[in-house]
Amino acid sequence: MLYDLSNPLHKEQFKTRCNFLFQKNAIVELTEKKPKRTNQQNRYLHLILGFFAVETGNTLEFVKTEYFKKLVNPDIFIREKEDKYLGKIKILRSSADLDTSESNLSIERFRNWSSSEAGIYLAAPNEEKLLQLIEIELERNKRYL
């Protein structure tokens with residue numbers, strides 16, 4: 001069950017339920033639900049990654065994995081996991097698992113890096129006309145992405 005603890009009624013319901021389970025010595029799971037990235041953020045991210053891919057001659061998947069995740073945002077995407085046979089291994093987190101603040105941060109970092117290191121300007125989310133032109137360009141080049 002989900003409770004919004006900013007809502008006074010939900011807060012009391014949560015306390016009651018929590019106390020009930022505590023008294024029962026139940027096995028429970030408690031997780032904080034963070035706001036997931038929005039569809040608009042997802043669309044924007046894929047536009048700028050696609051544009052970067054077209055500009056550099058790489059595939060969208062290569063840009064997303066190698067530049068966006070590993071090079072620019074390793075602290076957000078690279079996780080260590082213990083494997084039974086290999087020991088400690090590194091895995092890449094999915095961008096779908098990001099919350100809105102992580103998504104905003106990772107996109108802003110990529111835009112800054114793209115401009116300063118690769119010399120490629122990536123449109124801001126409010127530059128609708130430029131984003132429409134990028135969408136057209138991606139459509140023309142989709143077979144290469």
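# Exercises on ring pairs and helix packing

By the ring-pair rule used here (rings of Phe, Tyr and Trp, the last by its six-membered ring, with centres within 6.5 Å), the count comes to nine aromatic pairs. The model is predicted, so that local features need pLDDT of at least 70 and side-chain atom pairs pLDDT 80 or more, while totals for chains, interfaces and linings use all residues. Residues are numbered from 1 along each chain as its sequence is written, and side-chain values use heavy atoms, with hydrogens and water left out.

**Exercise 1.** Classify the ring pair of Phe 62 and Tyr 67, and state whether each residue is buried or exposed or in between.

*Solution.* Begin with the geometry: the ring centres of Phe 62 and Tyr 67 lie 5.5 Å apart and their planes make 90 degrees. Planes under 30 degrees apart count as stacked, over 60 as edge-to-face and the rest as tilted, and the pair is therefore edge-to-face. Next, take accessibility, where buried means under 20% relative accessible area, exposed over 50% and partly exposed in between (1.4 Å probe, protein chains only). Phe 62, at 37%, is partly exposed, and Tyr 67, at 23%, is also partly exposed.

**Exercise 2.** Do the same for Phe 68 and Phe 77, and then place these rings in their cluster.

*Solution.* The centres of Phe 68 and Phe 77 are 5.4 Å apart with 55 degrees between the planes, which makes the pair tilted. Phe 68 is buried at 0% relative accessibility, and Phe 77 is buried at 0% as well. Finally, ring pairs link Phe 52, Phe 62, Tyr 67, Phe 68, Phe 77, Phe 110 and Trp 113 into a cluster.

**Exercise 3.** Describe how helix H3 packs on helix H5, and which residues make the contact.

*Solution.* Helices are DSSP runs (H or I, at least four residues) numbered from the N terminus; H3 covers residues 60-72 and H5 residues 100-118. Their axes, lines fitted to C-alpha atoms over the stretch in contact, are 10 Å apart at an angle of about 100 degrees, on a scale from 0 to 180 degrees between N-to-C directions. Because angles of 65 to 115 degrees count as roughly perpendicular (under 35 roughly parallel, over 145 roughly antiparallel, the rest oblique), H3 is roughly perpendicular to H5. With contact meaning heavy atoms within 4.5 Å, Val 63, Tyr 67, Phe 68, Leu 71 and Val 72 of H3 meet Ser 106, Ile 107, Arg 109, Phe 110 and Trp 113 of H5.

Technical notes. Helix = DSSP H or I, 4+ residues; strand = E, 2+ residues; numbered from the N terminus.
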